[in-house]
Amino acid sequence: MSMDRPTTAIDRARAGYWNADAYATSGNPGGLDESEDGLTNGLAVNIEPLLAAVGGMTQWTGEQAAAAGEAATTATAAAGVVASDRAAVLAAKLAAEAAAGTAVTAAYPLEPDEIAGIPSVLDLVLTDAMALPAGVFSRLGTATYWDAAGVLRTAAAGVPRFDHHPVTGRCRGLLIEGAATNLLLRSQEFDAAAWSKAEVTVTANAAAAPDGGTAMDKLVESAANGLHRMSQSVSLVSGQVYSFSCYARAGERSVLKLETSGGGWSTAPRVTVNLATGTVQAITGSPTSYGIEPVGGGVFRCWITATATATSGLVLLMLGNSASGEAIGYTGDGTSGLYLWGAQLEAGGAPTSYIATAGGTVTRAADVCALPTAGWWSATEGTLVVAWSVAAASAQTIRGVAALTDGAADYTALWYWNDGLLYAQVQEAGAISFSVQAAPAYGQRHRAALAWAANNAAASVDGSAPVTDASVVTTTGVTTLAVGSRGGGGSELNGWIERVTLLPRRVPDATLQLLTQG
C-alpha cells in the first residue's frame with residue numbers, strides 16, 4: 001500500500017505519523033526529515049510546534065523557551081525518548097524544566113488518550129453541554145445554576161446543569177447535588193410576615209438580584225439604639241448540621257451578621273461579614289464553618305454552619321456598622337441599610353444551589369447521572385480518570401466522584417468519606433482489596449486516576465506518585481458508571497464533574513501520574 005508523504009512536520013503531525021523511526025527519512029513515509037523542517041536539534045525542538053498543531057499548546061516565549069528547550073533536548077536525548085512515546089516526551093520535558101529552574105507557564109492540553117498512547121473507550125468532557133449522551137441524566141424537579149454571563153438560571157426538570165463560576169464565567173462542569181430542602185419561607189420576600197423584624201424596615205424589590213430580576217430587598221435600620229435585625233423561626237432535628245446562607249450587597253451599611261439562635265443552637269453561632277471588602281470580620285459561638293463568596297455585581301453569598309441542639313430555633317440577619325465592632329447593637333440613622341436576597345436554611349455541612357420558596361418549604365430533587373457500561377467496560381483491566389471540584393467540606397457520609405458499580409455493594413470508585421478524605425477503592429464480594437486516601441483541598445480543581453488489573457492496582461491524585469497494590473481483586477459484574485456519586489441515592493458529590501475518561505488498559509504508573517497533572 002502506497003502513501004503520499006506529507007510535506008512538512010506539522011502536516012505529518014496532523015495526519016498522526018508518530019513512530020519510533022520518526023527521523024528516519026529512508027523507508028519511512030511518515031518520518032520527520034530535519035532538512036525539510038529546517039530544524040537541527042531533533043525531537044525536543046520539533047515537539048513544540050508539533051504539539052501546538054495537534055493540541056493547541058501555548059507557545060513558549062523569550063529566554064524561558066530557549067532555556068527549557070535546550071534542557072529538554074539534552075534530557076530527551078539522554079533518555080533515548082522517541083516521538084511515539086508522547087507521555088515520555090512530556091515527562092522528560094517537565095524534568096528538564098525543573099532541572100533548568102525555568103518558570104514555564106505554557107499549558108499542556110494533551111488529551112488523556114494522547115498521554116496514555118491508547119484510545120479511550122469513554123471520554124465525557126462535561127464542560128461541554130453537548131458531551132453528555134441522551135438518557136443518562138435525570139432529576140425530578142427544577143434546580144438553579146449559574147450561566148456564563150453570571151446570571152442565576154433555573155433548569156427544568158430532567159435538564160442537567162452545566163454550571164459556571166458566577167464571576168469568571170468559567171464552566172465548572174456538570175453540577176451534581178443531592179436532595180435538599182430550603183426550610184425558610186418567603187426566601188426572597190423579606191417584607192413578608194414570615195420574617196419577624198425589630199428596629200428595621202424592608203423596602204421590597206429595591207435592587208438587581210442574582211437571577212437578573214429586581215427582587216433584592218433593602219433592609220433599613222431604624223433611628224433607635226438596639227439590635228437592627230429580622231428573624232425566622234424554624235423546626236429542627238436535634239444533632240443535625242444545618243447551613244444558613246443569604247445573598248447580600250452593601251448599601252450605606254456594609255456589615256451583616258448571620259446567626260443561629262433562639263435556643264435551637266447551643267452557643268448561638270454568629271458570623272460577621274464585611275460586604276465592602278468581601279471578608280469575614282468576626283465569628284462568635286464556634287460555628288462549624290462559615291464563609292463569604294462573591295457572585296458578581298457586588299453581591300456575596302454569605303453562610304454559617306452549625307449543629308442544632310433542640311427541635312426549634314431561630315435564624316437571624318442583623319445589620320452592623322463599622323463603629324460598633326462586634327457589638328450587635330448600635331444607634332441607627334433611620335435611612336441606612338443593605339440589600340438581601342435568597343435566604344436558605346438546609347440540612348448539611350455546606351450551602352448548596354439556591355432553592356427559592358414562597359409560602360412553604362421547597363425540596364430540590366437529587367441529580368442522577370448514570371451510564372450503562374455494557375460493551376465497553378472490562379473487569380480484566382482499565383484506568384478511570386476524573387477531573388472535579390467541590391466547594392466545601394460536608395457532614396455527608398459518602399460523596400462520590402465517580403464509580404464503576406454493580407448496582408449493589410461492589411465498586412471501583414473515587415469518593416469522599418465524612419472524614420474529609422478522598423478514597424480510591426476497589427471492592428469485590430463485599431471486601432475492599434485496594435484503598436488509598438488523599439486530602440485534596442476544597443474549592444480547587446482536582447484530577448485523580450485509578451488503574452486496576454488482577455493483583456495490580458494503583459492510584460494517583462493531582463500528579464502525586466502512584467500508590468500501588470499487588471493483591472487487588474478486581475470488581476466484577478459492573479453494570480453502571482455513576483458520575484458524581486458512588487451509585488445509589490445519598491452519595492451525590494455536591495460538586496462539579498469536569499471530565500470522566502475510561503481507558504481500556506491498566507496504564508503504567510508513570511503514565512498514571514501524568515494523567516493527573518495540571
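Okay, a definition before anything else: when I say nonpolar core, I mean a set of buried Ala, Val, Leu, Ile, Met, Phe, Trp, Tyr and Cys residues joined through side-chain atoms within 4.5 Å. Keep that in mind, and keep in mind too that what's up on the screen is a predicted model.

So, the overall picture. We've got 518 residues here, and 50% of them count as buried. The protein has 33 strands, alongside seven helices. If you take contacts between residues at least 6 apart in sequence, 67% of those join residues at least 24 apart. As for the outside, the accessible surface is about 20700 Å², and carbon and sulfur atoms account for 53% of that.

Now to the cores. In general, nonpolar side chains in soluble globular proteins tend to be buried together. In this model, the largest nonpolar core has 43 residues. Which of them touch the most other members? That would be Cys369, Val386, Trp388, Val401, Leu481 and Ile497. And which strand gives the most to this core? It's β24, residues 381-390, which puts in four residues.

Let's stop at Cys369 for a second. Ignore its neighbours within four places in sequence, and Cys369 is still in contact with Leu132, Val136, Phe137, Leu174, Ile176, Leu481, Ala482 and Val483. Leu481, you'll remember, was on that list of core members with the most touches as well.

There's another core, apart from that one, with 33 residues; Leu219, Phe244, Trp265 and Ala306 are among them.

Next up, cysteines. A disulfide, just as a reminder, is a covalent bond between the sulfur atoms of two cysteines. How many does the structure hold? Zero. Take Cys246: its closest cysteine sulfur is the one in Cys302, but that's 7.2 Å off, so it's too far for a bond. The cut-off we're working with is 2.5 Å between the sulfurs. Seen from the other end, Cys302 is in no disulfide either, with the sulfur of Cys246 as its nearest. Are these two buried or exposed? Cys246 is buried, at 0% relative accessibility, and Cys302 is buried too, with a relative accessible area of 0%.

Last stop, the surface. Val280, Ile283 and Tyr290 make up a nonpolar patch out there, and together they have about 230 Å² of accessible area. Tyr290 sits in strand β17, which covers residues 289-296. With a relative accessible area of 35%, Tyr290 counts as partly exposed.

That's my tour, thanks everyone.

Conventions
Residues numbered from 1 in each chain as written. Predicted model: local features only at pLDDT ≥ 70, side-chain atom pairs only at ≥ 80, totals over all residues. Heavy atoms only, no water. Buried < 20%, exposed > 50% of the residue type's maximum accessible area, 1.4 Å probe, protein only. Helix = DSSP H or I, 4+ residues; strand = E, 2+ residues; numbered from the N terminus. Contact = heavy atoms within 4.5 Å. Areas by Shrake-Rupley, 256 points an atom, 1.4 Å probe, with all protein chains shown as cover. Patch = residues over 30% accessible without salt bridge, like charges linked within 9 Å, V, L, I, M, F, W, Y side chains within 5 Å. Salt bridge = Lys/Arg side-chain N within 4 Å of Asp/Glu carboxyl O.
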